Amino acid sequence: MREIAGKMNLEEMVSDRQKFANLVKENAEPRQRGLRRRKVSSKRPRP
């Protein structure tokens, strides 16, 4: 969020929602890809 706030001011965030949404998506995609790689199975091992 800090990265986006550094690129847009508050008025722009409110008035240009498409630009704001694009910036959020651009910043979230690399993190999501990283999380997918590190995903751990939620199944518990059997005793």
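Which backbone oxygen does the side chain of Asn 27 reach? Keep that one in mind while you get your bearings; we'll select Asn 27 shortly.

**Color by confidence**

You're looking at a predicted model, so start by coloring the chain by pLDDT. The mean over the protein chain is 77, and 70% of its residues reach 70 or more. Now pick out the elements: helix H2 (residues 10-15) has the highest mean pLDDT, at 88, while helix H1 (residues 2-7) has the lowest, at 79. A word of caution as you click around: where pLDDT is low, the predicted coordinates should not be read in detail.

**Select Asn 27**

Go to helix H3, which covers residues 17-38, and you'll find Asn 27 in it. Show its side chain and look for the backbone oxygen of Leu 23: the two come to 2.8 Å, and there's the answer to the opening question. Next, bring up Glu 3 and Ile 4, since Asn 27 touches both, leaving aside residues up to four places away in sequence. Is Asn 27 buried or exposed? Its relative accessibility is 14%, so Asn 27 counts as buried, the cut-off being under 20%.

**Select Lys 19 and Glu 12**

Last stop: show these two side chains together. Side chains of opposite charge can pair when their charged atoms come close. Here Lys 19 and Glu 12 form a salt bridge, with 3.9 Å from N to O. Don't go hunting for others, as a search of the whole structure turns up one salt bridge. Switch on the surface and check both partners: Lys 19 is partly exposed at 34% relative accessible area, and Glu 12 is also partly exposed, at 29%.

Key. Residues numbered from 1 in each chain as written. Predicted model: local features only at pLDDT ≥ 70, side-chain atom pairs only at ≥ 80, totals over all residues. Heavy atoms only, no water. Salt bridge = Lys/Arg side-chain N within 4 Å of Asp/Glu carboxyl O. Buried < 20%, exposed > 50% of the residue type's maximum accessible area, 1.4 Å probe, protein only. pLDDT = per-residue confidence, 0-100. Helix = DSSP H or I, 4+ residues; strand = E, 2+ residues; numbered from the N terminus. Polar contact = N/O pair within 3.5 Å; in protein donor to acceptor, adjacent residues only side chain to side chain. Contact = heavy atoms within 4.5 Å.
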